[in-house]
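Colleague: I am new to this structure and would be grateful for a close look at a single part of it. Please take the helical packing as the centre of your account, and then place that part in its surroundings.

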Amino acid sequence: MFGINLKQYNQFLTINERNKIFLRKNSSEGRAIADSKYRTKKILTEAEVGVPKLIKRFRSWAEVEKFNWEELDGNFVIKPVAGYGGDGIIIIRKSLKSKSLKVESGEIKFQLMNGEKMTVEDLKGHCREILSGKYSLHGIQDGVIVEERIKIHPMFLSLTKSGTPDIRVIVYNKVPVMAMFRIPTAKSGGKANLQQGAMGLGIDLATGITTFGVEGKGDLISKIYDIGKKKLIKVNGIKIPMWKEILETAVKCQKAIPGLGFLGVDVVLDKDKGPVVLEVNARPGLSIQICNKAGLKYRMEKVGDIEVRSIDHAVTLCKYLFGEGFFEKVEQKEKITTVEPIEIIKVKIPKGFKPEMQKSPVLKKGKHRVVEVRAKIDTGAFRSSIDRTLANKLGLLSDGKVLYYRNYRSSLGKHRDRPVVGVTFWLNGKKVMTAVNVADRSKLRTKFLLGRKDLGGFLVSAKTLLPAGGGHLPLKKGEAPKLLKNK
Amino acid sequence: MITLVLVAGLAAGREIWARSYEPWIDVPLEQVVKDNRVGNWNGLNSLRKASEIAVDRGVGANTIVLLLMLPLVATVVSVLHYVFGFMGYGIFTPTMIAVAFLATGIVEGLVLFGMILATSLFSNVLLRRFKLHFWPARSINLMMITIGTFGLISASTYWRVFDVSRLSVFPMLFMILLTEEFVRTELAKSRKEAKKLMFGTLLLAILGAVIMDIREVQEMVLLYPEMFLFAGILINFAVGNYTGIRLSEIGRFKKAIRKSPKSKSLKV
């Protein structure tokens, strides 16, 4: 209809669906925690998630007056507890002790990030404004928190002049399902909020490399300005440092606040401390799907019924399930590699595992240890499968490696509960990271079956004629291939 | 924005056409009730019977129609929001503005609203300099709007451009509420968002007003109120359980669809 294939839209999480189905998984208690920066901070600190350190919390004017502002030595932030969209936040860079100037309202003590200078009285006035509810949602009374300033990671500084860029990770059922890198612009007034005009770059969950970009709520962009290099750079291919730690932090947040089944975690990278959680959001926006060019609903359905055992498991899951096929794309541009019906692949052995291999030797490939395995190409199968005994020997069935269990249907009927494991292997020199199901192939000659999911960028060549006995039989020059007849 | 202008234009055109060419518009709605008497009360026709009695006792048929149509317009607004993706300030503001438009006429209503919004924004800019408390500032703002409305009334009676005989204080208050929402959203979110929501509200209100203004619909509501109520509940239940895509989201997510290699090879 009108050139639109509605089936393509099934993957997306729509507003109606988010509001009616998924936001109901967030209890009112969970939402109350997310709405109060103070409570979030308290709970996350207990759960040992990195947060900016709290210096002081004010609930009344009297407390603001009583506090000894003089002892603060710069590098702090004043925030409303229930503020939204980054309003009412002031960041103090340093205190000016030696060369203080007298102005009307007292001595100038502090300098803000934007160079503006303030006196203690100014800061108190700002706190009073927050307390009277200037920045809270319905003008209701609010609290103030004073916390340590985050030292933004240098890599982020090259992309924006104003505000703090952060990483929004959407976590569902304790698995990170999508992430984006949010960059404030002059238009958004230094706020990392897409609704106010900030930019968002989609991030590949497996590698932490950016993919596509969006500005505001829906304009696709392909270039952004790099202040360090003083030129426009592509939005894709930016590597986010400490990616694994960021994902782990996001998962920890959901574990700490069980009332929120579906939430967005806003993470900032601190120069010294690593990932630090600024805020959790119980109603994450949906534009993240545009800058990732991927559907949230599809991903959430995939992880919806998986029982996540550990943080490691969650990170492995999102890596193998939602990783982009970068390697494939790069390879494809160079040349199309052909594979024969039977190939030798090199399967990576997990770190710290001692394989009990009798026949095949353990080889080295770069930093990794690999084992050569004979694999049969089967384009009729979607996912690859590996023999249970072999998987066990290679240490792929250990606790952290099994992604989930699924029912599988083969040509022989329904098989129940095959484990699906994350496997890294090299096929003709190309690295493939994928999810592979474990089956009983003990009676078969090849212990590994390569499905079409992992054959992207390869051309399967069936030129070599296989005799009935199996194995390769090279043809002599000039000899016509004999056709096998069915008896 | 363009849609809004189009819809407003169409609505205004329809209104002018209706005023000039439909002679039966002068037949009062009360007459319709009197011409179509309902039989004895049997439970199912309670509303109809009640409205008939009310009209007989001197309640304006117009009031009853408006009362019965209010949930109908709210239903239309909710369908437009959840299925088509029109955004506005909640459901009550568009409904209220729709009623206001019905009272003033759409063109006059829009002029009035434009005047109120302009005055409001102007007074905000002006009052910011004095750093007053919020409520006194709003109070002065209201004063300016009143003067503006007064000016509008005198100007239009002098030049006879618009029919202001239908102007009353309630539509004005509703529109002030809308400008308040606009100012609040502008502060809380952004001017772009506030504009979008305001135009959405006006659009929804105009559509609602057009539906309420159709004489046939008015008569139908008056004669078969139970049916309308029942249909409204049915539609609202259907919309209330709708979790599918909003039409506006099709455009939004279109950019998020990756071109699969399959479709590429087909083009080549």
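Modeller: The account below begins with conventions, turns to the helix packing, and then moves outward to the other chain.

This is a predicted model, in which local features need pLDDT of at least 70 and side-chain atom pairs count only at pLDDT 80 or more, while totals for chains, interfaces and linings use all residues. Residues are numbered from 1 along each chain as its sequence is written, and chains are lettered from A and ligands numbered from 1 in the order in which they are written.

Chain B contains 13 helices and 0 strands; helices (H or I, at least four residues) and strands (E, at least two) are DSSP runs, numbered from the N terminus. Of the 268 residues in chain B, 29% are buried. A residue is termed buried if 20 or more other C-beta atoms lie within 10 Å of its own, exposed if 12 or fewer, and partly exposed in between, with C-beta atoms placed from the backbone. When contacts in chain B between residues at least 6 apart in sequence are considered, 79% join residues at least 24 apart. Two residues are in contact if their C-beta atoms, placed from the backbone, lie within 7 Å.

The part chosen for the close look is helix 5 of chain B, which spans residues 92-104. Its axis and that of helix 9 of chain B (residues 191-213) come within 8 Å and cross at roughly 50°. Axes are lines fitted to C-alpha atoms, for helices over the stretch in contact, and angles run from 0 to 180 degrees between N-to-C directions. Helix 5 and helix 9 of chain B are therefore oblique to each other: angles under 35 degrees count as roughly parallel, over 145 as roughly antiparallel, 65 to 115 as roughly perpendicular and the rest as oblique. The crossing of helix 5 and helix 9 of chain B is right-handed. A crossing is left-handed if the near helix is turned anticlockwise from the far one by less than a right angle, and right-handed if clockwise.

On the helix 5 side of this contact in chain B are T93(B), P94(B), T95(B), I97(B), A98(B), F101(B) and L102(B). They meet residues of helix 9 of chain B, including L204(B), I206(B), M212(B) and D213(B). By class, the contact of helix 5 with helix 9 of chain B has 10 nonpolar, 4 polar and 1 charged residues. Here Ala, Val, Leu, Ile, Met, Phe, Trp, Tyr, Cys and Pro count as nonpolar, Asp, Glu, Lys and Arg as charged, and the others, Gly among them, as polar.

Helix 5 of chain B also packs with helix 4 of chain B (residues 61-84), at an angle of about 130° and with the axes 9 Å apart. Helix 4 and helix 5 of chain B are therefore oblique to each other, and their crossing is right-handed. From helix 4 of chain B, L66(B), L70(B), V73(B), A74(B) and V77(B) meet P94(B), T95(B), A98(B) and V99(B) in helix 5 of chain B. The contact of helix 4 with helix 5 of chain B comprises 8 nonpolar, 1 polar and no charged residues.

The surroundings include chain A, of which 18 residues are in contact with 17 residues of chain B. On the side of chain A that touches chain B, helix 1 (15-22) and helix 8 (288-292) of chain A are the elements that give two or more residues. The largest share, 5 residues, comes from helix 1 of chain A. This side of chain A divides into 7 nonpolar, 8 polar and 3 charged residues.

Chain A also holds an open sheet of 7 strands, in the order 12-11-10-9-8-15-16, with antiparallel pairing. Two strands pair if DSSP finds at least two bridges between them. At the edges are strand 12 (219-221) and strand 16 (274-281) of chain A, each pairing on one side only. The twist averages 30° from one strand to the next. Strand 10 (residues 199-203) and strand 11 (residues 210-215) of chain A run antiparallel and are joined by 4 bridges, and I203(A) stands opposite T210(A) in strand 11 of chain A.

One loop residue completes the picture. K174(A) lies in the loop between strand 8 (166-172) and strand 9 (175-183) of chain A. Phi of K174(A) is near 65°, a positive value in a residue other than glycine. K174(A) counts as buried because it has 23 C-beta neighbours inside 10 Å.
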